[in-house]
Amino acid sequence: MIYTVTFNPAIDYVVHMEEITIGQINRSRSEQIYCGGKGINVSLVLSTLGIASKALGFVAGFTGLAIEKGIAEQGVETDFIHLEGGSSRINVKIKSGAETDLNGQGPKIPKEAICQLYKKLDKLKDNDTLVLAGSIPASLPDDIYEKLLARVSDRKIKTVVDATKDLLLNVLKYKPFLIKPNKDELEEIFGVTLSRKEEIVVHAKKLKEMGAVNVLVSMAGDGAVLIDDGGMIHWCNACKGEVKNSVGAGDSMVAGFLAGLEKGDYEYALKLGTAAGGATAFSDGLAEKKMIDALLKQL
């Protein structure tokens, strides 16, 4: 079973407008509502690809109930911890030429709730997969990722971490099965500018030497590269299409990669991950199966 953790889920309210004028009443041209959060995105795309997962994390208030119901209706099993105070976030994303985001803070997560999450992780078994993705809310300790990976380190659990800089670097000692920095994040980690693919490979290998088992680097229009557990380098070109949306593309790549490993080898996993990431980038919401299959044929 694949388990995903989303610390701070959200309802994304996407509003499309011809233009927006500050200080005036503005009327939308259309709007959509999505249940979001990086771990939830991974679970939703896994479901689209026919792979079961269970979404863990924290929800609160009427928005939390709506998130839980919304993703359950899309075929994802949930086991959220319900917080007594506050409400899960509503993020407003205004699309009018450029995109403007208004992201909520979300509820405070008390120590008691974190202990409940630990107990849920204690039930994971050998060969299960645990996905940790995204930033950490201010109410959680900075080393929460390390604590979660330490909690499962005594079992044969595949851990996947999609995070930035110190959050990522600090967990490499636990030898995560997969990490997925993008090119910009790789540059930030090492304080360099990477203009050639060969340079990206060199720095991806450094992350592997620091403990990561597999390193998957997404490079936007330049495709993606995987350094696998045996040290082999796999390249995949980018899908062709009109970019409409950047939210969830990286999460979709992680989901596609994991689904690909369920059905094939690393080469296929890289292709399916790239197709899933592209399908989200070319859609208003998360990737749908029909587009993933179409893009897979490009690769």
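His16 pairs across to β3, where its bridge partner is Ser30. That is one spot in a longer run of contacts, since 7 bridges join β2 to strand β3 (residues 30-36), and the two strands run antiparallel. Keep in mind that this is a predicted model.

On to the other neighbour of β2. Here 7 bridges join β2 to strand β7 (residues 89-96), this time in parallel. Two of the pairings can be picked out by name: Asp12 stands opposite Asn91 in β7, and Val14 has Lys93 as its bridge partner in β7.

Put these pairings together and you get an open sheet of 4 strands, in the order β3-β2-β7-β8, with mixed pairing. The edges belong to β3 and β8 (98-102); each has a single partner strand, so one side of each is left without a neighbour in the sheet. From one strand to the next, the twist averages 20°.

How much of strand β2 is buried? For β2 (residues 10-16), 6 of the 7 residues are buried, so the strand is largely enclosed by the rest of the structure.

Strand β3 gives us two residues worth setting side by side. Ile33 is found in this strand, and at 61% relative accessibility it counts as exposed, because the cut-off for that is over 50%. Cys35 has 14% relative accessibility and counts as buried. Ile33 also helps build a nonpolar surface patch of about 430 Å², together with Tyr13, Phe62 and Ile90.

While we're on cysteines: how many disulfides does the structure hold? The count is 0. Take Cys239, which is in no disulfide; the nearest cysteine sulfur is that of Cys236, 6.7 Å away. A disulfide here needs sulfur atoms within 2.5 Å, so that distance doesn't qualify. Cys239 is buried too, with 14% relative accessibility.

Now the helices. Helix α1 (residues 38-48) has 8 of its 11 residues buried, so the helix is largely enclosed by the rest of the structure. The buried ones in α1 are Gly39, Ile40, Asn41, Val42, Ser43, Leu44, Val45 and Leu46. After α1 comes Gly50, whose phi is positive, near 80°.

At the other end of the numbering we can look at helix α9 (residues 266-281), which contains Ala281. Ala281 is buried, with a relative accessible area of 13%. Between the C-alpha atoms of Ala281 and Trp235 there are 20 Å, with 46 residues separating the two along the chain.

That leaves the charged side chains. Side chains of opposite charge can pair when their charged atoms come close. The structure holds 15 salt bridges, and a few of them are set out here.

| Acidic residue | Basic residue | N to O distance |
|---|---|---|
| Asp79 | Lys120 | 3.0 Å |
| Asp154 | Arg155 | 3.3 Å |
| Glu199 | Arg196 | 3.8 Å |

Start with Asp79 and Lys120, whose side chains meet in a salt bridge. Asp79 lies in the loop between β5 (77-78) and β6 (81-83), while Lys120 belongs to helix α3 (residues 111-121), so the pair ties together parts that are 41 residues apart in sequence. Asp79 itself is partly exposed, at 27% relative accessibility.

Next, Asp154 and Arg155. Is each of them buried or exposed? Asp154 is exposed, with 64% relative accessibility, whereas Arg155 is buried at 18%.

For Glu199 and Arg196, the description is "partly exposed" on both sides: Glu199 has a relative accessibility of 22%, and Arg196 has a relative accessible area of 45%. The Glu199 value sits just on the partly exposed side, because buried means under 20%.

Finally, there is a network of salt bridges, which links Lys38, Asp162 and Asp251.

Note on methods. Residues are numbered from 1 along each chain as its sequence is written. This is a predicted model: local features need pLDDT of at least 70, side-chain atom pairs count only at pLDDT 80 or more; totals for chains, interfaces and linings use all residues. Side-chain values use heavy atoms; hydrogens and water are left out. Buried means under 20% relative accessible area, exposed over 50%, partly exposed in between (1.4 Å probe, protein chains only). Two strands pair if DSSP finds at least two bridges between them. Patches are made of residues with over 30% relative accessible area and no salt bridge: like charges are joined within 9 Å, nonpolar side chains (Val, Leu, Ile, Met, Phe, Trp, Tyr) within 5 Å. Accessible areas come from the Shrake-Rupley method with a 1.4 Å probe; for residues, only the protein chains shown count as cover. A salt bridge is a side-chain nitrogen of Lys or Arg within 4 Å of a carboxyl oxygen of Asp or Glu. Axes are lines fitted to C-alpha atoms, for helices over the stretch in contact, and angles run from 0 to 180 degrees between N-to-C directions.
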